Amino acid sequence: MKTKRLICLLLAVLMLAALFTGCAGQKAGKDDKISITMYLWDRSMLKGLTPWLEEQFPDIDFTFVQSFNTMEYYKDLLARGEEIPDIITCRRFSLNDAAPLAEHLMDLSKSEVAGTFYSSYLEVNRETGGAIRWLPMCAEVDCIMANKDLFDQYGIALPTNYTEFVAAIDAFEVVGIKGFQTDWSYDYSCLETMQGCAIPELMSLEGTQWRMEYESETADAQVGLDDTVWPVVFAKYEQFLKDVRFQLGDEELQFSATMEPFFNGKTAMVRNTAALADNVTSERGINCVILPYFGETSEDNWLLTYPMCQLAVSNTVEKDEAKREAVMEILMAIFSEEGQKQVAFGTSVLSYNKEVNITPTKALQYVQDCIESNHLYMRLASTEVFAISQDVGHKMMTGEYDAQAAYDAFNAQITDYKDPDAVEVMFTQKNAYSNDFTEHGSQAASALVNTLCAAFDDQIAIAYSPVASTSIYAGDYTLQQAKWILTARNSIYRGEYTGEEVRRFMDWLVNVKEDGSNPIHHRNLMPVTSGMEYTVTEYERGKFRLEEITIDGKKLDDSATYTLLLVGADTFLEHETFCNCPMPADLKEKRQDYLVDDFSSQECMQEALEKTRQFLEPTKYVTILQGK
Amino acid sequence: MKKRLVILLLALVLTAGVVWAGSAYFGFVSQTIYEESTAHLTEIFHQANQTLYNLVSVNWSRMRMWEPYLSKTENDDEITTYVNHAREESHFTDFYFISRDGNYLTLEGQQGYLDLREKLPALILDQQPIVVNSVVPDQPKIMVFAIPAAKGNYRGFEYEAIAITFNNSDMVDALKISAFNGQASTFAVLPDGRVVVDNGSQDMNDMRNFFAMLEKSESLTEKELADLEEAFGTGKSGNLVFEKDGRDYYLIYEPANFQDWIVLGIVPTYVVNASMNKLQSTTIIVVSGIAIALAMTILLLVVQQNRQKLKRKDNELLARDELFSKLSINVDDVFLMVDARNLRVEYVSPNIEKLVGISEERVLRDVHEIEHLIRPNESELILDQLSTILPGEQREWDREYIHQKTGEELWFRVVVFCTDIQGEKKYILDLSDRTKDKKINQRLEDAVHTAENANRAKTTFLNNMSHDIRTPMNAIIGFTNIAMKHDPKPEVKNCLRKISESSDHLLTLINDVLDISRIESGKIKFIPSPVDITEVADTAMSITQGFLSNRNVEFHANLAVPAHPYVLADAVRIREVLVNILGNAVKFTEDGGSITFEASYAPGADDRHITVCYRVTDTGIGMNEEFVQHIFDEFSQEENDARTQYKGTGLGMAITRRYVDLMGGTISVESKKGEGSAFTVELPLELTEESKVQKRSCHAAEVDLSGIKILLAEDNDLNAEIAIVQLEELGTQVTRTSDGDETVETFAKNPPDTFAIIFMDIMMPKMNGYEATEAIRTMQSRPDARRIPIIAMTANAFAEDVQASLDAGMNGHLSKPIVMDEVIKAIARNARQ
């Protein structure tokens, strides 16, 4: 009798315990956020997509890292023993480029999100084994951006075929306006103009056959250029350079140098995207329209397109069912109509997804027939084709190569391409520093900024955000690998500032503005300083308040003067659609010079490392407190 | 408890059986429905698939028919008319002329690029017909059917292939299923599950990838999903059931026979199985109803039965209670039930006051009240012992109580049972009044004691009589024999002979009277020992022949010899039986008559026993029938002049009968007056081994005893004299002692081995024969003390006397009157050792 009672009592206690344990477990599970790291091919994704994702998935702890627009970057991560981040993106894509990553990526062919695509578009990304690991974002149109106002002003009709295009250039030349210009220095400009001028050939039966063959090549069986299509491509490019009145020296033109004349009405047409055309139209009041790459007749006109970016998922995600489900939901969100708008800013011409209806923007009004007749060419965009196009293109521009020589050189390189920056070991790094963001910031970012600060003998350096795109590893570094430490498209300035001005700089970079603009909506966007430490309080998730600033443990002297190195991208912070936090004008004015005119941040890095031959020790440059 | 457990187990087994049977039935029905439904669905969807295939193949066929006309016709308008006519027939959406590079021109003159991907080389270069899903911006999804064509020109557009397109919605029509009220979905999917043709019902409108949908619904295991993926990849057909949003669906899949498409048919199971489900659910409801009704009936029956059982039990309990109450009032037992934990009295029978003089209430208040019943100095208190009694055990005590009111002395038997009643330990005390029994027992014990005393007196009397008669008889017979040996005068000799005969008769009388008395008092025991059974008959025959020495009676002996004559038998008693019967035969057969003595052997009850049958027939005077009835009665003699003629006690046949009974045998008699009698004795005997049988000792006449020194202990001078005379006649040297002391002393005085044997009287003054024997045997200084033969020679003639002699350490026993042959044998056997 007693034994029965005892057993009943024990069972009751066990049930209660299980009940409470279950409740406790549920509560714990709810509080445990799933962490997802997403590497962004470009800073522009921080503009709309990432805040939108954080809003859509408040229960997911995102880490967004600005990475590079090349598969080589991810290959290097693997070579360093890292795992592929949960979600990666890259705009420059070809199947053969992506092949070495395949075994680290999920096959998405059976996923729900893949089902939202028009199957014919996904076929391009299908591996021979049937797997589909990369999903394309909506298409960007990158063709000829024309200042319609200028055409109208001079009574020049918008061209409808190649002959008219050349005639328009000539007509503008007559009135002292550059008919067509572009930032020839960039590899993508070379690649796109080279392919753009011969799209009918590249889209011919032989052209598409060759491309399929090339994109299926393996490391052991490299595919050279086709001898039917490609000689024509180089011949047409040679003619194109002549027709656009290319001048020696233009090959060094960069974005700003190209766009300034365009904005000022000195250039009628440039190579650029529909997105930019819309942007210029709305921001500068210049009526910009997109024109196609012209063929002999209007039926031969083609638009050069490429996906905004391609997205893949690490197969490590599959190990955690909850995480996998979360990632699948994120993908569904990204590829939804709303998600793609966040990426494309409403300027896309074509959606690859059945359920997404993106209306072509006004800038595309003159290429509607191309769109309707499906004359949409997707650029061939492997890493080597970018690099070789730049090399061969520049040599054609400088007259070193004629069409045949260009063909030969291109053909020779494409079967045995080696990035010169990725061959020679530049230095051997002794200590490794993680890029994981802690309450004292990122060690890798600190080491990077400390290196820049020391190399250029500045007292203080401030990077607008953690400009490190990867951890720093112990071991050999080539120049290319070293360049991947610092995020792309930063500017570097120097100036002399008082302690009070330094404080205002930090205030600009950290504090939420009166109108609600928030430069740091995520803690891993916290500025990185060298020669100076600071403390912030996170008083609300994603909102920070600058507290104390010290130098060598002493309070910043407001009256003292310091040489200050500034690293970052103004536009990102200042742009209305990004952070909308303009730099105080007086501070901007005092910002004396680009470190070197047209000296890119990457080149700056190279110069610094040539001096230090090492990424220097990191410091605890920031302390993040939680509070109110 | 055990029965309940069995019933519970049976109920469980029955329930499990019913559940199993129900489940098996349900499973069987479900499986049957599934098989029927999927077979039905497969047929339906196969037709849809076939329609789709027909659509494709018909289109190719039609285009092949059109192509020669198109290539031959140069007039564009005629071509336009022809194609428009064809469109009316075939219902395609658009007609395309396709160039080598994949550009197209429609009939209406629209140009564009048709993205045929890797199919373009197949179409143009390999001249293969193709079907491909393609996209033209701002157009619905289209399915392109293209065939290679001879190079042609339409409105200046050079083409190498022609194609017709269908909007996917047209393909959907082919896959449409009219059945199932629009709840059937059909899809054409790629092997990786991506949907190519979507004819999904409302339930399935969110399906983007079939596998992703299945994975999300989590209705299939990983293995099932992998198997399905493999089936799609390898173009296999099949069916299964999956669940989505809490609803089950049938899935039928089979390859589309073109491209690598798989055609899927999906219908909610409840739609397909509607009628079957109704039937099944009705069946289940009916069966369940019947089962429930049955179960309820059984339950009600069981409840009713239990109620009746409980009622019966209640009645029984009430009856028992009543019975117990009445009993407990009227019986001489007081019952108490005591809780083992606290010795609280839970029940005490109401007769306690009557039986022991303590009120029921007092005992109910405190059980220790019952301890006041015993005498103050009584050894152990029963209540103190209770804790040592375990459940299932009982213990008893006899107690003398004092009635608390009358002061009467009582005898009680207290029995305590320890029992476990539903986990609680109880003591049940039964105080049983045995005062009456005790008194009756005491009276009985007194009576027994008296009887035993009487018996002892009788035995003593018999012993004394036997001893005291035999002692003078020994002298009379002894001296008569001695006198006869001194060659008396004929008159004296005649007198001596008559004295001898009278003495023998007297001795026989004495022996018979003593024997019958001893038999009645149970003193006579049947003592079997290993013997050769043939010797018993031989001896009896020899004795009988002695009786016949001066008679003219013909004696025939027919003594069989068994294969194995060694048995366990009391040879003395058998011989006595035979000698009695044979003696009577001699006695009652007149001269000129005949006596026949037969011995035969038959197998016994088993192979360890035999039955010996002795038959004595004579031609004597015989007996009348009435006497034959009483022949075995004591003192029975036929009322005629035979008694005067034939001397006897009338005890012989009674003793014979008693001996035969003692030995487990039977005796019968057949007789006819004036013709003779026949006595038959049958005795069962156990066989024994030959080695255990003592061989017959030698004959006394053959023994030379001269020179042997004998120490004779005899207090009676006459008996001593007789013995000395007779022993010395044998050549022995006799030293006489008159009591035990003297005997021991004489033995001690003489050197060792002086005497070859000692004849020891028992009843002697100072020290009797037993004590003297013990004294001699325990002499440490004499090496011959333990080995010298000591033979009892006494008037104590009974078997227990023989045993007493042997127990005292003697080697043998001779009873008086002494028979010299026995004396000689005793000397020869023992002195020789």
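This text walks through a predicted model, from a sheet in chain A to the contact with chain B and two loop residues there.

Start with the sheet in chain A. Five strands build it, in the order β2-β1-β3-β10-β4. The sheet is open, and its pairing is mixed. In general, the strands of a sheet pair through backbone hydrogen bonds, either parallel or antiparallel. Now look at the edges of the sheet in chain A. β2 (60-66) and β4 (135-136) stand there, and each has a single partner strand, so one side of each is left without a neighbour in the sheet.

Next, take one pair of strands. β1 (residues 34-40) of chain A runs parallel to β3(A), and two bridges join them. A:Y39 stands opposite A:I88 in β3(A). A helix packs on this sheet: α14 (residues 321-334) of chain A. α14 touches β1, β2, β3 and β10 (310-313) of chain A. The direction of α14 makes about 45° with that of β1(A).

Turn to helix α3 (residues 71-79) of chain A. Which of its residues are buried? They are A:M71, A:E72, A:Y73, A:Y74 and A:L77. A residue counts as buried if 20 or more other C-beta atoms lie within 10 Å of its own. The cover over the buried residues of α3(A) includes β3 (87-90), α4 (95-98) and α17 (383-397) of chain A. β3 thus appears both in the sheet and in this cover. After α3(A) comes A:G81, with a positive phi near 90°.

Now the contact between the chains. How many residues does each chain give to it? Chain A gives 27 residues, and chain B gives 33 residues. On the side of chain A that touches chain B, the elements giving two or more residues are α5 (119-123), α10 (205-215) and α16 (368-372). By class, this side of chain A has nine nonpolar, 13 polar and five charged residues.

Finish in chain B, with two loop residues. B:H91 lies in the loop between α2 (76-90) and β1 (94-98) of chain B. Its phi is positive, about 65°, although B:H91 is not a glycine. Is B:H91 buried or exposed? B:H91 counts as exposed, because it has 12 C-beta neighbours inside 10 Å.

B:R155 lies in another loop, between β5 (142-154) and β6 (157-167) of chain B. The phi of B:R155 is also positive, near 50°, in a residue other than glycine. B:R155 has 12 C-beta neighbours inside 10 Å, so B:R155 counts as exposed.

Terms used. Residues are numbered from 1 along each chain as its sequence is written. Chains are lettered from A and ligands numbered from 1 in the order in which they are written. This is a predicted model: local features need pLDDT of at least 70, side-chain atom pairs count only at pLDDT 80 or more; totals for chains, interfaces and linings use all residues. Two residues are in contact if their C-beta atoms, placed from the backbone, lie within 7 Å. Helices (H or I, at least four residues) and strands (E, at least two) are DSSP runs, numbered from the N terminus. Ala, Val, Leu, Ile, Met, Phe, Trp, Tyr, Cys and Pro count as nonpolar, Asp, Glu, Lys and Arg as charged, and the others, Gly among them, as polar. Two strands pair if DSSP finds at least two bridges between them. Axes are lines fitted to C-alpha atoms, for helices over the stretch in contact, and angles run from 0 to 180 degrees between N-to-C directions.
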